[in-house]
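Subject: Handover of a structure

Dear colleague,

Please find the sequence and structure below. A summary of what was found follows.

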Amino acid sequence: MSLNNPRRAFIAAAGAGVAGLGFTAIAPGLHLMAVGEANAATEARKAGSAASPAVRWGLLIDASKCAPGCTKCIDACHSENGVSEKLPDARQNSQWIRKIELVDRRNGRKTELPMMCQHCANPPCVDVCPTGASMKRADGIVLVDRHTCIGCRYCMMACPYKARSFVHAPLTHQNPEVPRGQGCVEACTLCVHRVDKGLQPACVESCPEGAMIFGDLNDPASAIAQRIASVPTTQVRSDLRLNPGVRYQGI
Amino acid sequence: MATLNPRNEEGLFYVLAAIGGLVSAVGVGAALYMEHTGHVVTGMTNQIVWGLPHVFAIFLIVAASGVLNVASIGSVFGKVAYKSRAPLSGLLSLAMLSGGLAVIMLDLGRADRLMVAATHFNPTSVFGWNVILYPGMYAIVAVYLWTLMERRMNPYSKVAGLATFIWRILLTTGTGSIFGFLVARQAYGTALLAPMFIIMSFAWGLAVFMIVQKTMFGWNGLVLHPEIRKRMKNLLGIFVSAVFYCVAVYHLNNIYFARNAEFERFILLDGGIFPALFWGGWLLAGTAVPLAILYLRPLSSIRGSVLTASILVIVGAFCLLYVFIIGGQAYPLDIFPGYDVRSSFYDGEINRYQPSLPEVLLAFGGLGIAFTATTVGVRVLRFLPQDDIAHLEAAGSITD
């Protein structure tokens with residue numbers, strides 16, 4: 001569309017202004033530019049370079065925006081990571097991310113939110129792993145080394161968020177970038193293979209409501225850090241002092 | 001008591017060894033099947049991650065530590081009547097440790113990565129500590145047995161006994177702390193579990209020892225001296241009472257905390273099989289009845305009563321461990337306190353568990369390994385406790 005026409009240019013500018021004002025009213029302190037940055041790609045990690053301890057990747061999930069019944073983040077995650085098995089006993093299926101429906105016992109208020117590995121700064125799964133297969137990368141992403149996991153499931157006993165799954169059966173149709181293995185424990189990797197390429201985690205990218213922000217918690221200029229600094233957010237089971245990298249808003 | 005005919009006796013030994021070997025082999029076969037197909041053939045899930053094999057393995061490992069109490073009372077605390085029982089106590093410890101560890105290792109998702117477990121060590125993991133504590137236990141008990149059974153090494157038996165005593169206290173502290181260090185689950189995460197597991201090891205180990213001792217004496221046409229029997233049965237009674245005390249404190253403590261009240265209600269009242277096993281299996285059959293048998297005179301003097309009490313203590317042990325391990329996982333994690341929760345991953349639901357045949361066979365395979373090792377061990381080496389009554393009377397250990 002050409003904006004040479006002064007009338008069209010005025011309408012476009014006015015529309016942008018109204019949208020900006022409206023957004024400012026909805027989310028004071030959060031600017032349009034910040035949202036643009038939040039959805040933009042992060043910086044790719046150079047091949048052969050180590051993850052930076054200066055960075056701490058995290059997620060902010062706005063539960064008030066999470067649409068009831070929507071499972072797009074789950075579908076995107078499981079498609080991206082090749083989590084597709086359907087075992088006869090559904091309790092044995094892996095779930096890297098799940099939707100939890102909450103009802104407040106005091107007032108009946110309903111909320112839905114996605115729950116996954118919370119990428120704790122002090123992860124109990126890493127503490128208890130006998131071989132060190134459960135590990136925290138320098139940039140805060142908690143992972144399982146498929147080569148040294150012996151499948152003892154102690155990390156599953158230790159995780160307060162029930163975020164980990166054990167692979168109960170042989171696997172097919174794997175994503176080559178996301179190796180999984182029968183007899184090993186696994187969980188959300190924060191789409192580390194995408195993050196290292198400068199992309200967003202699949203769940204964040206797929207959310208039609210824009211309920212998830214991914215970014216560097218350590219960078220005060222990042223959208224996620226600014227949002228956390230400006231609105232009340234929650235760490236699930238904050239009483240345990242695990243300092244999760246996944247934060248929630250609206251619960 | 002009549003002695004078995006030597007020919008029958010030898011035949012019976014081979015039958016028992018064959019049964020033990022068969023049960024062990026079937027257990028290993030079940031583990032190979034699970035290894036091939038994955039844990040999909042078990043009743044374990046992503047909700048109940050540790051199942052029946054862990055109940056059996058933990059019983060065997062805890063009892064393996066506790067059975068050494070008999071040796072410690074002789075070597076460390078100088079009770080003469082127990083000294084002749086130290087070798088059998090050491091053998092039972094090694095046998096049960098073998099059975100328990102075999103089950104734990106064979107249940108791993110990647111049992112083929114044993115070398116990874118041995119070469120990658122995480123010092124913050126209690127499981128990691130156990131990778132050192134368990135093989136160390138083998139080595140220390142083996143040296144201890146050597147000092148007991150090789151006459152030239154006898155002077156070192158007291159030092160070896162003391163080292164064994166300290167090591168097994170550490171080992172059972174490690175086993176209890178596997179659960180004690182779990183921060184998130186209502187059933188676990190208390191420092192009480194380490195001493196509680198030590199006390200449980202005393203009771204369960206002694207119960208196993210009493211059964212084996214009774215069987216060996218019967219096999220050889222011997223009768224345990226009444227004074228020694230009385231001492232050992234009273235000791236078992238004290239240990240069973242101490243377990244009762246610890247378990248009672250554990251549950252009362254949980255009930256006192258409002259955040260754990262619902263969990264306790266589940267385990268003790270509403271939880272179906274778990275309250276049934278707790279009250280009927282552990283408290284009544286595994287604690288109250290054995291205590292009555294051991295302490296009430298008309299019952300305690302009946303022949304076979306101590307054997308019956310010992311068997312019941314072990315039945316109670318399995319019930320208690322089942323409630324503790326499976327029940328502790330069956331109750332849902334309280335991720336959002338104050339909220340009712342629901343999800344496709346069964347959040348907020350009571351998790352069901354039904355062990356499948358392969359895991360039952362694996363669990364019993366551990367018992368089979370312990371049984372076979374004991375049967376062969378007592379056959380080929382001198383493990384039968386030899387009581388020199390005159391010597392014991394002179395030492396004031398017994399009065400007749």
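**Findings**

Helix H8 (residues 223-230) of chain A lies across E1, E8 and E9 of chain A and runs at about 110° to E8(A). Helices (H or I, at least four residues) and strands (E, at least two) are DSSP runs, numbered from the N terminus. Axes are lines fitted to C-alpha atoms, for helices over the stretch in contact, and angles run from 0 to 180 degrees between N-to-C directions.

This is a predicted model, in which local features need pLDDT of at least 70 and side-chain atom pairs count only at pLDDT 80 or more, while totals for chains, interfaces and linings use all residues. Residues are numbered from 1 along each chain as its sequence is written, and chains are lettered from A and ligands numbered from 1 in the order in which they are written. The model scores ipTM 0.91 and pTM 0.90. Chain B averages a pLDDT (the predictor's confidence in each residue, from 0 to 100) of 92, and 96% of the residues score at least 70.

**The sheet under helix H8**

The three strands named above form an open sheet of chain A in the order E8-E1-E9, with mixed pairing; two strands pair if DSSP finds at least two bridges between them. Its edge strands are E8 (212-216) and E9 (246-249), each of which pairs on one side only. From one strand to the next, the twist averages 20°. Strand E1 (residues 57-62) of chain A runs parallel to E9(A), and 4 bridges join them. Within this pair, Leu60(A) stands opposite Arg247(A).

**The sheet shared by both chains**

A further open sheet of 3 strands has the order E3(A)-E2(A)-E1(B) and antiparallel pairing. Strand E3 (110-116) of chain A and E1 of chain B stand at the edges with a single partner strand each, so one side of each is left without a neighbour in the sheet. Here the twist averages 30° from one strand to the next. Between E2(A) and strand E1 (residues 339-343) of chain B there are 5 bridges. Val103(A) stands opposite Asp340(B), and Leu102(A) opposite Val341(B).

**The interface**

In total, 45 residues of chain A are in contact with 39 residues of chain B, contact being C-beta atoms, placed from the backbone, within 7 Å. On the side of chain A that touches chain B, the largest share, 7 residues, comes from E2(A).

Yours sincerely

Key
Contact = placed C-beta atoms within 7 Å.
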